[in-house]
Amino acid sequence: MIGAGIFSLPATFGRATGGLGAIIAWVIAGGGMLTLAFVFQTLAQRKPELDSGVYIYAQKGFGDYAGFASAMGFWAGACIGSVSYFVLIKSTLGAFFPLFGDGNTLSAVLIASLILWSFHFMVLRGVKEAATINTIATFAKVIPIFIFVVVLIFAFNSDIFMQNFWGAPVTSITADISHWDDYGYVGHAATEIDASSTSLFSQIRSTMLVTVFVFVGIEGASVYSRYAKERRHVGIATVLGFIGVLCLLVLVTMLSYGVLLRPDLASLRQPSMAGVLEHIVGRWGAIFISIGLIISVMGAYLSWTLLAAEALYSAAKSHIMPKIFTTENKHGVPSAAVWMSNIFIQFFLIVTLFTEYAFQLALELTSSLVLIPYLLVAAYGLKLAWRGETYEKDSREHKKDFLIAAIATLYAILMVYAGGLKYVLLSAVIYGPGTLLFILAKREQHHPVFTAVEKVLFAVAIAAAAGAVYGLVTGAINI
């Protein structure tokens, strides 16, 4: 879960809302995601035979096409999330080397592509080797975050925090270029807030996709559940991992409100954690966080390369993706799935050349894509509890699990709404045409492609994809 998102929180929340809105947003996100973590834990224990990751719950609960959509959404979200990592690396380096800009320049894309294919061939040499490197990166990336939190605790100013607590959202920022330093920090005199009367609900809503993005990865233990020695470890890893990450996310967000006024938080370039620490301790703080981010993002990218490939591989094993994705090389790596994932990432790296806010687009599109798999997992947990399946001798747990699954389902629906129509339509551009893979898989098995209900769902996906393309062409949808 700890990758790029946590390093962007101070500015992202600073632009959207004040301290009160941030508290409410984290209560909603934390509560919703905790119920989802409990659903994963429950399903791991009650359906131990389903050990192929997130999509398998959708397939068993709602049919093959739902399973495909879940696998496709998770895989595409993992790939586009990796694009956000590359953008943020180059944006970080852009503070030192202007040719990288905000991570969406030609130089940035070329360097990112070089890193992409270097990692590609390293992963093909073996999953265990890649996992060892990622373990080292995990420890290395957590250290700067802990130091950031400790420094902010000592630097926390309650007066600044209270000024930020009730603030209106930052809807426009002006800056005198002469006041910017090398790391993107801009002084008080150079910024102003347009204190328009945007409702607290709108402020909170604008943070929702960000909160989803920083929790993406909560399903990691479930994706790799076929490797677990004991099924209960899947649930334990999910819940404990979630709680630990939630604490870090809340601390990074809320402590930043006690260090800089919101106009200054909003003006920080990404990764905004670097600008916050630079304000407190000086130039070395920005350098320190920037190094930590690069380590974090490289490690997270390695994780997500493996997770994306595993999603395609497992889905192909269940016959809802073409069987070519079950191909393994001599090191036991699902090589065809790795190739497909990295070609997809390369395509979206090129797309960032034509986007104004590449990181924000990748972040919010990733969140929108993974919400469908999350919604289907929660709905499957709700379906089991509603029918009483596996609860024949456990009525007390039945009622508790039903309530938790209902809240998780409602939360996922709320997040889809909060993301807005734009990202639902952009997601359909992947879901609709991507269905070709499902059609190929069904024809390989000489099975009927769609049921009657699935034909309707496919028609809706294609119509939404067409609407998105029309919006992009006419300028109604901007990226």
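Helix H4 gives the largest share of the lining of the largest cavity, contributing five residues. This cavity, like every feature described here, belongs to a predicted model, and about 100 Å³ of space lies within it. In total, 15 residues line the largest cavity, and those closest to its centre are Met1, Tyr85, Phe213, Val216 and Trp304. Helix H1 (5-16), helix H4 (64-94) and helix H9 (208-215) are the elements that each give two or more residues to this lining. Counting cavities of 30 Å³ or more, the structure has five.

A step back to the whole chain helps to place these details. The protein chain holds 19 helices and zero strands. Of its 479 residues, 57% are buried. Contacts can also be sorted by how far apart the partners sit in the sequence: among those between residues at least 6 apart, 81% join residues at least 24 apart.

Helix H7 offers a friendly example of how a helix can present two sides. Which residues of helix H7 are buried? In this helix, which spans residues 158-165, they are Ile160, Phe161, Asn164 and Phe165. Viewed down the axis of H7, these buried residues fall within an arc of 145°, so they line one face of the helix. The general geometry of helices is useful here: an α-helix has 3.6 residues a turn, so residues three or four places apart point the same way. On the other side of H7, Asp159 and Gln163 are exposed. The buried residues of H7 pack against three helices, namely H2 (19-46), H11 (232-256) and H12 (262-267). At the N-terminal end, H7 is capped by Asn157, with a side-chain oxygen of Asn157 lying 2.8 Å from the backbone nitrogen of Asp159.

Asn164, one of the buried residues of H7, deserves a second look. Asn164 has a relative accessible area of 3%, and is therefore buried, since the cut-off for that class is under 20%. What does the side chain of Asn164 reach at 2.6 Å? The partner is the backbone oxygen of Tyr257. The side chain of Asn164 also reaches the backbone oxygen of Leu260, at 2.9 Å. Leaving aside residues up to four places away in sequence, Asn164 touches Gly18, Gly19, Tyr257, Leu260, Leu261 and Arg262. Tyr257 and Leu260 thus appear both as polar partners of the Asn164 side chain and in its list of contacts.

Further along the chain, Phe458 is found in helix H19, which covers residues 452-474. Is Phe458 buried or partly exposed? With a relative accessibility of 22%, Phe458 counts as partly exposed, because the buried class requires a value under 20%. Phe458 touches Tyr65, Gly432, Thr435 and Phe450, again not counting residues up to four places away in sequence. Phe458 and Tyr431 are 27 residues apart in sequence, while their C-alpha atoms are 8.9 Å apart in space.

Finally, a word on cysteines. How many disulfides does the structure hold? The count is zero. Two cysteines illustrate contrasting surroundings: Cys79 is buried, at 1% relative accessibility, whereas Cys247 is partly exposed, with a relative accessible area of 44%.

Notes. Residues numbered from 1 in each chain as written. Predicted model: local features only at pLDDT ≥ 70, side-chain atom pairs only at ≥ 80, totals over all residues. Heavy atoms only, no water. Buried < 20%, exposed > 50% of the residue type's maximum accessible area, 1.4 Å probe, protein only. Helix = DSSP H or I, 4+ residues; strand = E, 2+ residues; numbered from the N terminus. Arc of directions from axis to C-beta. Contact = heavy atoms within 4.5 Å. Polar contact = N/O pair within 3.5 Å; in protein donor to acceptor, adjacent residues only side chain to side chain. Disulfide = S-S within 2.5 Å. 1 Å grid on protein atoms, 1.4 Å probe; cavity = no way out; pocket = protein on both sides within 12 Å on 5 of 7 lines; lining within 4 Å. Points joined across faces, edges and corners; volume = space filled by probe spheres on them.
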